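Let's walk through this one together, feature by feature. Have the model open while you read.

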Amino acid sequence: MTNAPDEEDLTTNENNLLQLKDRNNLNGMGYIILRQNKTFEEQLTQTNTIYEIRYDFDLNNQTITIPNNSVLKFEGGSLKNGTLSGV
């Protein structure tokens, strides 16, 4: 038995570690599930994207700009201690 990713929900990264796979939404927007092991800000890099938030993120008193035409979709996560700004 192996621990190979199914490539639908799981994939491997450049370090050959399992991670959740990003998706394309039917309306043409990208779909990214934010990772717990990265900061909130470093993951918001693409426009026209739905960002799914599953974990709690501390924004560390920063003002973070949400990329153009992007959506924050909360699936149990939260944001605290900062400010969000649109473009």
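**Reading the loops, the core and the ring pair**

A: Let's start in a loop: Asn-81 has a relative accessible area of 37%, so it counts as partly exposed (buried is under 20%, exposed over 50%, partly exposed in between, with a 1.4 Å probe and protein chains only). Before going on, note that this is a predicted model, where local features need pLDDT of at least 70, side-chain atom pairs count only at pLDDT 80 or more, and totals for chains, interfaces and linings use all residues. Residues are numbered from 1 along each chain as its sequence is written, and side-chain values use heavy atoms, with hydrogens and water left out.

Q: What is the phi of Asn-81 near?

A: Most residues other than glycine have a negative phi. Asn-81 has a positive one, near 65°, in the loop between strand S9 (78-80) and strand S10 (83-86). Strands are DSSP E runs of at least two residues and helices H or I runs of at least four, both numbered from the N terminus. Asn-69 also has a positive phi, about 55°, and is located in the loop between S7 and strand S8 (71-74).

Q: Which residues make up the largest nonpolar core?

A: In soluble globular proteins, nonpolar side chains tend to be buried together. A nonpolar core here is a set of buried Ala, Val, Leu, Ile, Met, Phe, Trp, Tyr and Cys residues joined through side-chain atoms within 4.5 Å. The largest has 10 residues: Ile-32, Leu-34, Phe-40, Leu-44, Tyr-51, Ile-53, Phe-57, Leu-59, Ile-64 and Ile-66. Strand S5 (49-53) and strand S7 (63-66) each supply at least two of them.

Q: Is Leu-34 buried or exposed?

A: Buried, because its relative accessibility is 0%. Leu-34 is in the loop between strand S4 (30-33) and helix H1 (40-43). Skipping residues up to four places away in sequence, Leu-34 has contacts (heavy atoms within 4.5 Å) that include Phe-40, Leu-44, Tyr-51 and Phe-57.

Q: How many aromatic pairs does the structure hold?

A: A pair of aromatic rings is described by the distance of the centres and the angle of the planes. Rings of Phe, Tyr and Trp (its six-membered ring) pair if their centres lie within 6.5 Å; planes under 30 degrees apart are stacked, over 60 edge-to-face, the rest tilted. There is one pair in this structure: Phe-40 and Phe-57, tilted, with 5.6 Å between centres and 55° between planes. Phe-40 is in helix H1 and Phe-57 in strand S6 (residues 56-58), so the pair ties together parts 17 residues apart in sequence. Both rings belong to buried residues.
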